[in-house]
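Trainee: I should like to work through this structure step by step. May we begin with the chain as a whole and then turn to its details?

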Amino acid sequence: MSASRPRLSGLSLSAFALTTFTLAGCGSAPPPEPVAAVPPPAPAFETIAPQSGPPPGTITTTTTTYGSVLAAPTAPPPPRSELVPPPPGPQMVWEPGFWSFNGATWDWVPGHYEVRPQPTAQWIPGHWVQQPGGTWVWIAGRWTG
């Protein structure tokens, strides 16, 4: 006696072929990976010095390597004496107060402690400098080292 094999009927064979054909399309390739774009280089900083100075009572701001520069038509008052409290931590550095020009009058900005960005960093305080045209500009403080 011979072993009998199951026979696929015409309908079963068609369903098998249709399933096989349909599933064959499921293995498509994934979409291509996006290509990372290189960001453009950072813009260079430049200082724009006023030629004859701004009109009295105005503030001009330009960008330098040290930050914003404020201009004033007159010299700042003498610095105020400040009582420097003990530092709140070992990496804290005192940044002294300074005069800021608001467009009409001078305002005192009190000193405060800042965290040293690196163990060897030193704070160079900001200061006002008179320009050849008579205008005074603020050179912002910065960290070195």
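Trainee: What percentage of the residues of the protein chain count as buried?

Mentor: Please keep in mind that this is a predicted model. A residue counts as buried when its relative accessible area is under 20%. The protein chain has 145 residues, and the share of them that meets this description is 19%.

Trainee: In which order do the elements of the protein chain run from the N terminus on?

Mentor: The protein chain holds 1 helix and 10 strands. The helix stands at the start of the series, and the strands follow, giving the order α-β-β-β-β-β-β-β-β-β-β.

Trainee: Which residue in β5 is the bridge partner of W99?

Mentor: Strand β4 covers residues 98-101 and strand β5 covers residues 106-109. These two strands run antiparallel and are joined by 4 bridges. They form a hairpin with 4 residues between them, and in the turn G103 has a positive phi of about 105 degrees. Within this pairing, the partner of W99 in β5 is W108.

Trainee: Which elements each supply at least two residues of the largest nonpolar core?

Mentor: The largest nonpolar core has 9 residues, namely A72, W99, F101, W106, W108, W128, W136, W138 and A140. The elements that each supply at least two residues of this core are β4, β5 and β9 (136-139).

Trainee: With which residues of the core is W128 in contact, leaving aside its neighbours within four places in sequence?

Mentor: The contacts of W128 include L70, A71, P76, S100 and V137. Those that also appear in the list of the core include A72, W99, F101, W106, W136 and W138.

Trainee: Which elements give two or more residues to the lining of the largest pocket?

Mentor: The largest pocket holds about 270 Å³ of space. Of the 19 residues that line this pocket, the closest to its centre are P96, G97, F98, G126 and W138. The elements that give two or more residues to the lining are β4 and β8 (127-130).

Trainee: How many residues in the lining of the largest pocket are charged?

Mentor: By class, the lining has 12 nonpolar and 6 polar residues. The number of charged residues is 1.

Trainee: Why does H127 count as partly exposed?

Mentor: H127 lies in strand β8. Not counting residues up to four places away in sequence, H127 touches V137, W138 and I139. Partly exposed covers the range between under 20% and over 50%. H127 falls in this class because its relative accessibility is 39%.

Note on methods:
Residues numbered from 1 in each chain as written. Predicted model: local features only at pLDDT ≥ 70, side-chain atom pairs only at ≥ 80, totals over all residues. Heavy atoms only, no water. Pairing = 2+ DSSP bridges. Core = buried A, V, L, I, M, F, W, Y, C linked by side-chain atoms within 4.5 Å. Buried < 20%, exposed > 50% of the residue type's maximum accessible area, 1.4 Å probe, protein only. Contact = heavy atoms within 4.5 Å. 1 Å grid on protein atoms, 1.4 Å probe; cavity = no way out; pocket = protein on both sides within 12 Å on 5 of 7 lines; lining within 4 Å. Points joined across faces, edges and corners; volume = space filled by probe spheres on them. Nonpolar A, V, L, I, M, F, W, Y, C, P; charged D, E, K, R; others polar.
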